[in-house]
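Work through the following exercises with the structure open beside you. Each task is followed by its solution in steps.

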2 protein chains.
Amino acid sequence: MNSPFVKPTPAFAASSARARLAPVTIERRAVGPRDVLIDIDYCGVCHSDLHMVNNDWGMSAFPMVPGHEIIGRVVTTGAEVTDLVPGQRTGVGCLVDSCRQCEACEDHLEQYCAKGFTLTYSSPTRDPGGLTFGGYSKQIVVDRNYVVKVPENLDPAAAAPLLCAGITTYSPLVHWKVGPGMTVGVIGLGGLGHMGVKFAHAMGARVVMITTSAHKGEDARRLGADEVLVSSDAQAMAASMGRFDFLLNTIPVPHDFNAYMMLLKRDCTMCIVGAIGPTANLNTAPLIMGRRTVAGSLIGGLKETQEMLDFAGRHNVVADVEVIDIATINEAYGRMQRSDVKYRFVIDVATLG
Amino acid sequence: MNSPFVKPTPAFAASSARARLAPVTIERRAVGPRDVLIDIDYCGVCHSDLHMVNNDWGMSAFPMVPGHEIIGRVVTTGAEVTDLVPGQRTGVGCLVDSCRQCEACEDHLEQYCAKGFTLTYSSPTRDPGGLTFGGYSKQIVVDRNYVVKVPENLDPAAAAPLLCAGITTYSPLVHWKVGPGMTVGVIGLGGLGHMGVKFAHAMGARVVMITTSAHKGEDARRLGADEVLVSSDAQAMAASMGRFDFLLNTIPVPHDFNAYMMLLKRDCTMCIVGAIGPTANLNTAPLIMGRRTVAGSLIGGLKETQEMLDFAGRHNVVADVEVIDIATINEAYGRMQRSDVKYRFVIDVATLG
């Protein structure tokens with residue numbers, strides 16, 4: 001199995017019916033020849049952790065150790081791992097394995113693995129019978145191919161959310177070639193949105209924060225937005241029609257996205273990274289009348305995650321975080337559910353007893 | 001004004017409340033220096049003609065002469081027209097004017113004109129107070145820039161639908177680079193769909209007709225489809241997941257398109273050209289899980305319409321048509337509404353008294 005687990009975290013203990021079972025002990029797997037054993041320093045708290053703990057998606061396996069925004073230092077490596085040394089700062093994101101043979105894996109896009117990737121926690125391992133356990137934990141053992149190097153100049157706690165929120169926004173910005181001379185709209189200012197603003201800004205684009213909440217404007221500017229567009233202001237929306245080269249839609253819940261489409265120039269794309277599942281009735285008129293597209297994007301591959309971290313190191317891009325004691329995780333979950341966090345909780349794993 | 005109009009067509013007289021007004025006489029505009037006067041031989045009957053006659057879209061202006069799939073021969077040209085001669089076979093499609101200055105017009109994409117194009121009929125002219133009149137008519141006067149040359153080897157009646165159904169399907173196939181080695185699905189077998197099959201086949205792609213009606217399979221094969229996929233066959237649909245490089249969705253009415261999305265490979269597109277307006281609840285999961293996109297496309301620009309006709313000439317691609325007498329137009333509208341046409345009605349304008 002994929003990570004050590006000594007006792008259920010408070011999150012697990014409080015949030016799930018199955019969590020009321022007695023504590024269980026889980027052994028971490030031995031460090032294989034291609035593996036890396038990491039001492040975890042920090043782990044980000046992703047909104048999906050809450051969904052997984054509550055089994056909102058019907059795919060949770062218990063017992064569970066959540067956490068897929070992991071920052072730590074190498075303890076030991078297997079014999080075949082030649083490019084990581086003990087003490088080196090590393091990260092682990094959403095994936096710890098994939099088939100490694102399909103076209104997507106060969107294209108370094110493990111997140112689209114045709115045979116299905118292995119999530120960092122609550123996911124069956126490719127060896128039958130195993131289950132993965134995540135980063136709310138002292139240590140983790142991960143195959144070298146799914147470990148990334150984290151630049152030493154980045155604050156490690158603030159770097160943790162790069163492993164999920166960071167790559168989820170960086171990847172579509174790169175894929176749709178965001179750069180200088182482009183006007184990019186980031187829709188929604190949460191964990192993903194605030195990273196989208198920072199990355200798009202660092203890439204040299206003109207960044208417009210598109211939000212329903214006018215009061216978020218000041219903070220968006222601090223993060224790197226050049227402008228704020230309040231989406232409930234019909235006049236401002238009308239005045240912005242056809243202005244945007246790319247829209248990154250980070251709203252995490254079903255919502256009517258059609259009004260945003262007319263903001264795009266001809267032949268441009270809105271990419272949805274937040275709301276997964278049925279969302280709203282698609283009005284095809286803005287698509288047909290300007291050859292516009294609606295797309296989706298899922299995290300990023302391991303190669304691109306490394307590139308993202310290197311980019312973040314060069315541009316000193318990290319998340320805005322609130323570091324918490326593991327004992328307060330349930331409170332943090334409640335606040336996250338109420339969007340009362342700027343913009344990511346990160347667990348100081350030293351507080352894990 | 002843009003075309004002659006002697007008396008309301010039967011379609012007009014029977015289908016609209018306002019058509020019960022007395023006949024009116026409309027003078028065609030004088031042939032200006034950049035204009036072409038065309039004797040119309042054939043005019044295709046597009047499904048949108050029916051919507052316009054019935055004012056389904058609330059944008060119809062009366063009196064109306066429908067028709068935007070026009071084939072005819074040059075009678076005279078204005079002094080500045082140097083590349084067309086009397087007797088030459090020409091075509092007029094959906095557009096007869098645009099601003100000619102915006103980025104789209106400069107990119108030869110007049111169909112996305114930022115200031116709004118002028119439709120071939122029932123559309124205000126750029127000179128205030130004028131109205132355009134279409135191809136159910138003996139003659140039409142059109143600016144040279146909006147007239148295309150029609151290869152003489154093509155059957156003129158069967159070539160008429162190329163001006164709308166043809167370019168509407170050709171343009172997205174070219175834009176998304178359809179060619180040999182690709183598997184293309186054409187969804188829906190009507191006026192647009194049958195042109196999509198023919199063009200995709202002529203471009204060298206493997207063409208799969210995707211239809212709800214198994215009985216359409218034989219005809220689809222005759223038109224150039226290599227395979228037929230019946231979309232109501234859940235097993236066949238599941239077996240086709242991830243097979244397609246491009247989907248051309250020609251279904252003309254609101255419909256749930258989400259099941260088609262999983263047919264696409266990673267990073268591939270379904271382009272909607274039929275159903276305009278609210279369509280169905282968009283499920284973002286197939287988009288996010290494979291970076292797939294939903295797009296739209298509108299007819300094509302004039303330059304591309306000429307390229308399409310040249311391509312059609314080289315590959316002998318025309319529509320399957322049923323040539324009708326104008327006196328039967330209302331019956332034809334009824335049959336078109338019941339999808340009882342293979343695959344396009346074309347008016348023999350010689351029958352117009």
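Axes are lines fitted to C-alpha atoms, for helices over the stretch in contact, and angles run from 0 to 180 degrees between N-to-C directions. The model used here is predicted.

**Exercise 1.** Determine how helix α5 of chain A is oriented against helix α11 of chain A, and list the residues in the contact.

Step 1. Helix α5(A) spans residues 165-175, and α11(A) spans residues 302-315. Their axes come within 10 Å and cross at roughly 95°.

Step 2. Angles of 65 to 115 degrees count as roughly perpendicular. Therefore α5(A) is roughly perpendicular to α11(A).

Step 3. On the α5(A) side, the contact is made by Gly166(A), Ile167(A), Tyr170(A) and Ser171(A). On the α11(A) side, Glu304(A), Thr305(A), Met308(A) and Ala312(A) take part.

**Exercise 2.** Trace the open sheet of 12 strands and find its edges.

Step 1. Write down the strand order: β10(A)-β9(A)-β8(A)-β11(A)-β12(A)-β14(A)-β14(B)-β12(B)-β11(B)-β8(B)-β9(B)-β10(B). The pairing in this open sheet is mixed.

Step 2. Look at the two ends. The β10 strands (227-230) of chain A and chain B each have a single partner strand, so one side of each lacks a neighbour in the sheet.

Step 3. Neighbouring strands are turned against each other by 20° on average, direction ignored.

Step 4. Take one pair inside chain A. Strand β8 (residues 183-187) and strand β11 (residues 244-249) of chain A pair in the parallel sense over four bridges. Val186(A) has Leu248(A) in β11(A) as its bridge partner.

Step 5. Add the helix. Helix α6 of chain A (residues 191-202) packs on the sheet and touches β8, β9 (206-211) and β11 of chain A. The direction of α6(A) makes about 170° with that of β8(A).

**Exercise 3.** What relates chain A to chain B?

Step 1. A turn of 180° and a shift of 0.1 Å along the axis lay chain A on chain B with an RMSD of 0.0 Å. The two copies are therefore related as by a two-fold rotation axis.

Step 2. Asn281(A) is the residue of chain A that comes closest to this axis, at 1.9 Å (C-alpha).

Step 3. Of the interface residues of chain A, 100% are also interface residues in chain B, so the copies meet through the same surface.

**Exercise 4.** Compare the radius of gyration of chain A with that of a compact globule.

Step 1. For 353 residues, a compact globule would have a value near 20 Å.

Step 2. Chain A has 20 Å, which agrees.

Step 3. Buried residues make up 52% of the 353 residues in chain A.

Notes: Residues numbered from 1 in each chain as written. Chains lettered and ligands numbered in written order. Predicted model: local features only at pLDDT ≥ 70, side-chain atom pairs only at ≥ 80, totals over all residues. Pairing = 2+ DSSP bridges. Helix = DSSP H or I, 4+ residues; strand = E, 2+ residues; numbered from the N terminus. Contact = placed C-beta atoms within 7 Å. Rg over C-alpha atoms; globule rule 2.2 N^0.38 Å. Buried ≥ 20, exposed ≤ 12 C-beta atoms within 10 Å, placed from the backbone. Least-squares fit on C-alpha atoms with pLDDT ≥ 70 in both. Parallel < 35°, antiparallel > 145°, perpendicular 65-115°, else oblique.
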